[in-house]
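Q: I would like a close look at one part of this model. Keep it brisk, please.

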Amino acid sequence: MVPSETSLKNLDLTLLAQRLGRLCKQLELEVTAAESCTGGGIASAITGVAGSSDYFTTGYVTYANAAKTRLLGVPEATLAEHGAVSEAVVNAMVVGACRESGAGLAVAVSGVAGPDGGSDTKPVGTVWLAWGDTAVQEAECFHFPGDRQAVREQAVRQALVGLVARLNEREKASKTNQP
C-alpha cells in the first residue's frame, strides 16, 4: 500500500500507530525501528501510544555509518559499495535490528532529507525504507518532495504504513491457517 503524496500527508500518525499497536497485540509480535534520516521519528510516533512498551521495546537511531556498523552490524563494505542511502544498507539494518532486539518485524530508513547532501543519483528527498525480519526483507525507494521536515515526516508516515500493511498480511494469513 503506497499512498499518494496528498493522502500520505493526511494520514494521522496517531491513528497509524494505534492500528500498529492493535495488530502487534493481536499477533503477539514485537516491532523495532532502525532509523537514520528520521532521527527517532518512527520510534516517537509508535511510543506516542500508551501501552506501546508491550510491542515496542527497542529502537535504534543510527545516524552515522559507524553507528550502523557498531549497533546493527551493517558491514562496512556494504556501506562503502552502496552508500548509506541504499537498498542493501536498509535491508542490513532490518536484519541487525531484529537480531539485536529480538523483534519479529522491523522497519529501517535511510535517506537524504536535505537541504544539503543530495547528488545526481540520490537527490534530496531520496529515502530508502525496508521492512522485514532476519530472513526476509522488502525495500522500496521513495522520492519525497518538500523541505527537510516534510521529507522526514513523509518517511515516518510511510514507515508506519508499511508496518501496518505487513501486519495486515500476517493477520490475514493467520486467519487463513486457522482450523
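At which residues does UniProt place the feature "domain: CinA C-terminal"? Then please go through the salt bridges of helix 7 (residues 148–176).

A: UniProt, in an unreviewed entry, puts "domain: CinA C-terminal" at residues 16–164; such annotations may be inferred rather than shown by experiment. That span is 44% helix and 19% strand, and its end C-alpha atoms lie 7 Å apart. Helices (H or I, at least four residues) and strands (E, at least two) are DSSP runs, numbered from the N terminus.

This is a predicted model, where local features need pLDDT of at least 70, side-chain atom pairs need 80 or more, and totals for chains, interfaces and linings use all residues. Residues are numbered from 1 along each chain, and side-chain values use heavy atoms, without hydrogens or water.

The structure holds five salt bridges (a Lys or Arg side-chain nitrogen within 4 Å of an Asp or Glu carboxyl oxygen). One pairs E171 with R19, with the closest N and O atoms 3.8 Å apart. E171 sits in helix 7 and R19 in helix 2 (residues 13–27), so this bridge ties together parts 152 residues apart in sequence. E171 is buried, at 12% relative accessible area (buried is under 20%, exposed over 50%, partly exposed in between; 1.4 Å probe, protein chains only). R19 is partly exposed, at 27%.

E171 also bridges to K175, at 3.9 Å between the closest N and O atoms. These two are four residues apart in helix 7, so about one helical turn separates them. K175 is exposed, at 53%. Shared partners thus join R19, E171 and K175 into one network.

R170 of helix 7 meets D133 in another salt bridge, 3.6 Å from N to O. D133 lies in the loop between strand 4 (126–132) and strand 5 (137–143), so this pair links parts 37 residues apart in sequence. R170 is partly exposed, at 30%.
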